[in-house]
Amino acid sequence: MPRSLDLAALRSFVAVADTGGVTKAAAVLNLTQSAVSMQLKRLEESLGQTLLDRTGRSIGLTTSGEQLLSYGRKMMRLNDEVFNRMT
């Protein structure tokens, strides 16, 4: 059965990777820090992968996270393009 990625969670993941942290990503996305954290947790659970290395003070990407980031950026770009053309 095909499964779908949660695009809001994916957008949060990309924002965390781009800004370097959940707090900064939450500000960019106009969400609370806890909402972004929950989206990341759900994304990791749905994929069965740890995407972020949370050791230390900063957040880094795991190997799986680096792979997803490339796809995530493409998917966000395509999503935004479709939305802009259709609205």
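# Getting to know the chain

Colleague: I'm new here, so let's start with one residue: where is Met75 found?
Modeller: One thing up front: this is a predicted model. Met75 falls within residues 63-86. That stretch is helix H4.

Colleague: Is Met75 buried, partly exposed or exposed?
Modeller: Its relative accessible area is 33%. Buried would need under 20% and exposed would need over 50%. The value for Met75 lies in between, so Met75 is partly exposed.

Colleague: Which residues make the nonpolar surface patch, and what is its area?
Modeller: Met75 is one of the contributors, along with Tyr71. The others are Leu5, Leu7 and Leu47. Together these side chains make a patch of about 420 Å².

Colleague: Let's turn to the helices. At what angle do the axes of H1 and H2 cross?
Modeller: Two packed helices are described by the angle between their axes and the distance between the axes. Helix H1 covers residues 7-19 and helix H2 covers residues 22-29. Their axes come within 8 Å, and the crossing angle is roughly 120°.

Colleague: What word describes H1 relative to H2: parallel, antiparallel, perpendicular or oblique?
Modeller: The axes cross at roughly 120°. Perpendicular runs from 65 to 115 degrees and antiparallel starts over 145, so this angle falls into the remaining class. That makes H1, relative to H2, oblique.

Colleague: Is the crossing of H1 and H2 left-handed or right-handed?
Modeller: This is about the way one helix is turned from the other, clockwise or anticlockwise. H1 passes H2 in a crossing that is right-handed.

Colleague: On to charges: how many salt bridges are there?
Modeller: To count, a side-chain nitrogen of Lys or Arg has to be within 4 Å of a carboxyl oxygen of Asp or Glu. The pair Asp80 and Arg11 is one that counts. By this rule the total is 5.

Colleague: How far apart in sequence are the parts that Asp80 and Arg11 tie together?
Modeller: The closest N and O atoms of Asp80 and Arg11 are 2.7 Å apart, and the two form a salt bridge. Asp80 belongs to helix H4 and Arg11 to helix H1, so the pair ties together parts whose separation in sequence is 69 residues.

Colleague: Are those two side chains buried, partly exposed or exposed?
Modeller: Asp80 has a relative accessible area of 31%. Arg11 has 29%. With the class between 20% and 50% in mind, Asp80 is partly exposed, and Arg11 is also partly exposed.

Colleague: Which residue forms a salt bridge with Arg73?
Modeller: Arg73 lies in helix H4, and at 35% relative accessibility Arg73 counts as partly exposed. The closest N and O atoms of the bridge are 2.3 Å apart. The partner is Asp18.

Colleague: How many residues separate Arg73 and Asp18?
Modeller: Asp18 is partly exposed, at 46% relative accessible area. Arg73 and Asp18 form a salt bridge. The pair links helix H4 with helix H1, and the separation is 55 residues.

Colleague: How far apart in space are Arg73 and Phe13, C-alpha to C-alpha?
Modeller: Along the sequence, Arg73 and Phe13 are 60 residues apart. In space, the C-alpha to C-alpha distance is 9.8 Å.

Colleague: Glu44 has a salt bridge too. Where does its partner, Arg54, lie?
Modeller: The closest N and O atoms of Glu44 and Arg54 are 3.2 Å apart. Glu44 is in helix H3, residues 33-47, and is 10 residues away from Arg54. Arg54 lies in the loop between strands S1 and S2.

Colleague: Which of the two, Glu44 or Arg54, counts as buried?
Modeller: Arg54 has a relative accessible area of 44%, so Arg54 is partly exposed. The other residue is at 14% relative accessibility. Buried means under 20%, and the residue that meets this is Glu44.

Colleague: What is the phi of Asn30?
Modeller: Most residues other than glycine have a negative phi. Asn30, which lies in the loop between H2 and H3, has a positive one. At 71% relative accessibility Asn30 counts as exposed. Its phi is near 60°.

Colleague: Last one: is Leu68 buried or exposed?
Modeller: Leu68 has its place in helix H4. Its relative accessible area is 9%. The cut-off is under 20%, so Leu68 is buried.

Note on methods: Residues are numbered from 1 along each chain as its sequence is written. This is a predicted model: local features need pLDDT of at least 70, side-chain atom pairs count only at pLDDT 80 or more; totals for chains, interfaces and linings use all residues. Side-chain values use heavy atoms; hydrogens and water are left out. Patches are made of residues with over 30% relative accessible area and no salt bridge: like charges are joined within 9 Å, nonpolar side chains (Val, Leu, Ile, Met, Phe, Trp, Tyr) within 5 Å. Accessible areas come from the Shrake-Rupley method with a 1.4 Å probe; for residues, only the protein chains shown count as cover. Helices (H or I, at least four residues) and strands (E, at least two) are DSSP runs, numbered from the N terminus. Buried means under 20% relative accessible area, exposed over 50%, partly exposed in between (1.4 Å probe, protein chains only). Axes are lines fitted to C-alpha atoms, for helices over the stretch in contact, and angles run from 0 to 180 degrees between N-to-C directions. Angles under 35 degrees count as roughly parallel, over 145 as roughly antiparallel, 65 to 115 as roughly perpendicular and the rest as oblique.
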